[in-house]
Every structure is written in structure tokens, then in C-alpha cells.
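Reader: Could you take me through one part of this model in detail, the charged side chains and how they pair? I would like a careful account, with the neighbouring questions of cysteines and surface patches taken up afterwards.

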Amino acid sequence: DAAAPRANSILANPARFECLIRFGRGLHVFASQMEQEKGRSEANSSMLQEAFSLLAYADPWDSPVGGQLDPAGREPVCAQLNSAILESKNLPGRPPLEISLAHSAHLLKLMSNSELGACAFADIQSVLN
């Protein structure tokens with residue numbers, strides 16, 4: 001039966017579905033609080049609408065909005081959510097380490113463009129690993 005929930009669907013597990021609904025309600029309350037404190041943001045409202053629309057499908061991965069579940073679709077949303085959480089706590093929207101790494105990568109590019117040989121010995125990836 002095409003209407004029956006698939007084994008990997010959230011609908012196949014009522015406890016997980018109820019947990020997801022509670023999370024969504026909490027997120028809606030949080031979004032309402034942020035809207036009252038910071039004002040309405042069309043971009044945030046649109047993202048929330050798209051995220052909640054996933055619940056309308058028995059198999060969200062095969063839905064018209066299923067692209068949000070791919071890493072390429074999730075990562076920008078996660079980054080914006082992390083920034084919103086940090087900013088709600090009166091912290092910078094980007095973590096200092098992320099800013100430092102981006103700054104370092106940019107400096108290495110500038111050094112390379114200026115033909116400074118010392119940049120050949122710098123490897124940001126080795127620091128991360």
C-alpha cells in the first residue's frame with residue numbers, strides 16, 4: 001500500500017513522531033519569541049515553513065521539499081540556526097574559531113598571491129586534524 005508508512009519513515013514510530021511534534025511546537029514558540037524580540041524575518045519564516053512542510057509527507061525524502069534533508073540543504077540551515085542561537089544568547093553569530101580559520105585561510109591566499117614562500121609551509125587542514 002503506497003499510503004502506508006515506510007519502515008524508515010518517522011510515521012512508522014509513533015514515539016519518534018510525537019517527539020518531533022513536540023520539538024516543532026517548541027521551535028514555533030521560539031520563533032514567535034524571536035519575532036517579538038527582533039522583528040519579523042521573511043527568510044526565517046520561509047525556512048520554518050519549508051521545514052514544517054516535511055511533516056506533511058509520509059516519506060519526506062521523496063517529497064518535493066526533500067532536498068532539505070540532503071547535506072547540501074541541511075548545512076546552510078544548520079549554520080543559520082547555530083548563528084540564531086548564539087545571537088539569542090548575546091554571543092557573536094559565528095564562533096570565534098570559525099572566524100579565525102576563515103581569516104587564516106584568507107591570509108594564506110593573500111600570501112600566495114603576493115608570492116610569499118612562507119605560505120607553502122602553512123597547512124590549516126593539519127591543524128584541524
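Author: The side chains of Glu-42 and Arg-40 meet in a salt bridge, with N to O at 3.3 Å, and since the model is a predicted one, this distance, like the others below, is a computed value. Both of these residues, Glu-42 and Arg-40, are exposed; for Arg-40 the label follows because its relative accessible area is 54%, and exposed means over 50%. Arg-40 also meets the side chain of Glu-35 in a salt bridge, this one at 3.2 Å from N to O. Glu-35, in turn, has a relative accessible area of 36% and is therefore partly exposed.

A further salt bridge links Glu-98 with Arg-94, where the closest N and O atoms are 3.2 Å apart. Here both partners fall in the intermediate class, because Glu-98 has a relative accessible area of 40% and Arg-94 one of 39%. Returning to the earlier group, salt bridges that share partners join Glu-35, Arg-40 and Glu-42 into one network, and Arg-40 is the residue that pairs with Glu-35 as well as with Glu-42. As general background, side chains of opposite charge can pair when their charged atoms come close. In this model the count of salt bridges comes to four, and those described here are among them.

The cysteines call for a separate treatment, since a search of the whole structure finds zero disulfides. Why is Cys-19 without a bond to another cysteine? The closest cysteine sulfur to that of Cys-19 belongs to Cys-78 and lies 17 Å away, which is too far for a bond, given that a disulfide requires sulfur atoms within 2.5 Å. Seen from the other side, the sulfur of Cys-78 has that of Cys-19 as its closest cysteine sulfur, again at 17 Å. Cys-19 is partly exposed, with a relative accessible area of 41%, and Cys-78 counts as partly exposed at 41% as well.

The surface also carries a nonpolar patch, formed by Leu-20, Phe-23 and Leu-55, which together have about 250 Å² of accessible area. Of its members, Leu-55 can be placed in the loop between helix H2, residues 42–53, and helix H3, residues 71–88. The relative accessibility of Leu-55 is 32%, so Leu-55 counts as partly exposed, and this value also satisfies the requirement that residues in a patch have over 30% relative accessible area.

Methods
Residues numbered from 1 in each chain as written. Predicted model: local features only at pLDDT ≥ 70, side-chain atom pairs only at ≥ 80, totals over all residues. Heavy atoms only, no water. Patch = residues over 30% accessible without salt bridge, like charges linked within 9 Å, V, L, I, M, F, W, Y side chains within 5 Å. Areas by Shrake-Rupley, 256 points an atom, 1.4 Å probe, with all protein chains shown as cover. Helix = DSSP H or I, 4+ residues; strand = E, 2+ residues; numbered from the N terminus. Buried < 20%, exposed > 50% of the residue type's maximum accessible area, 1.4 Å probe, protein only.
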